Amino acid sequence: MHRRKMLLQITVGMTLLLCAGVVFAQASQSAGRLTIERLIDFKHPSNPAWSPDGRQIAFLWDRADVVNLYVANSDGRGQPLALTSFPDGKVGDVFWSRDSQTVYFSRGGDLWQVEVKGGQARAVWATTS
């Protein structure tokens, strides 16, 4: 069991590095020096969550403290897909539905959901004031 968990952590780490590598490769292809503005454009992947079927990984990408939800294929193929694009970010606490079709996340103390195939994120449970 320990070996399986370690292999899983390595795979998740490699997938997130691949996602980050796409961003760094795009930045390095553009001409010019590294500036503060270009540095802010780098996204930092974190908080990976495997889908129950093992085919995808949902994760958070932070760009200058604007955090949104993305999903990537666990085999590293294709580009990550943005599931949210909130201008203020602040997405957290990612988890999957049992059928691997929906990702749930917290935002502003509320519970939200979004379909993995894309679509509009919506609040499914809100805290009361």
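Here are four short exercises, with worked solutions, on the predicted model shown above.

**Exercise 1. Trace the sheet that contains E1.**
In what order do the strands of this open sheet run, and which strands stand at its edges?

*Solution.*
- Step 1: Start with the order. Four strands make up an open sheet, arranged E1-E2-E3-E4, with antiparallel pairing.
- Step 2: Now look for the edges. Strand E1 (44-50) and strand E4 (81-82) each have a single partner strand, so one side of each is left without a neighbour in the sheet.
- Step 3: Zoom in on one pair. E2 and E3 are joined in the antiparallel sense by eight bridges, and Asp62 has Val67 in E3 as its bridge partner.

**Exercise 2. Do the same for the sheet that contains E8.**
What is the strand order here, and by what angle are neighbouring strands turned against each other on average?

*Solution.*
- Step 1: This open sheet also has four strands, in the order E5-E6-E7-E8, and the pairing is antiparallel.
- Step 2: E5 and strand E8 (122-125) are the edge strands, each pairing on one side only.
- Step 3: With direction ignored, neighbouring strands of this sheet are turned by 35° against each other on average.
- Step 4: Within the sheet, E6 and E7 pair in the antiparallel sense over six bridges; Glu115 in E7 is the bridge partner of Thr102.

**Exercise 3. Explore the largest nonpolar core.**
Which residues of this core touch the most other members, and which strands each supply at least two of its residues?

*Solution.*
- Step 1: The core has 17 residues, of which Leu69, Val94, Trp96, Val103, Phe105 and Val114 touch the most other members.
- Step 2: Turn to the strands. At least two core residues come from each of strand E2 (56-63), strand E3 (66-73), strand E5 (91-96), strand E6 (102-107) and strand E7 (110-115).
- Step 3: Take Val94 as a worked case. Setting aside neighbours within four places in sequence, Val94 is in contact with Ala49, Ala58, Leu60, Leu69, Val103, Tyr104 and Phe105.

**Exercise 4. Classify a charged-looking candidate by its numbers: Arg107.**
Is Arg107 buried or exposed?

*Solution.*
- Step 1: Find the residue: Arg107 belongs to strand E6.
- Step 2: Apply the cut-off. Buried means under 20% relative accessible area; Arg107 has 17% relative accessibility and therefore counts as buried.
- Step 3: Check for a polar partner. The Arg107 side chain makes a polar contact with the side chain of Asp88 (2.6 Å).
- Step 4: Complete the surroundings. Leaving out neighbours within four places in sequence, Arg107 is in contact with Phe86, Asp88, Gly89, Lys90 and Trp112.

Key:
Residues numbered from 1 in each chain as written. Predicted model: local features only at pLDDT ≥ 70, side-chain atom pairs only at ≥ 80, totals over all residues. Heavy atoms only, no water. Core = buried A, V, L, I, M, F, W, Y, C linked by side-chain atoms within 4.5 Å. Buried < 20%, exposed > 50% of the residue type's maximum accessible area, 1.4 Å probe, protein only. Contact = heavy atoms within 4.5 Å. Pairing = 2+ DSSP bridges. Axes fitted to C-alpha atoms, helices over the stretch in contact; angles between N-to-C directions. Polar contact = N/O pair within 3.5 Å; in protein donor to acceptor, adjacent residues only side chain to side chain.
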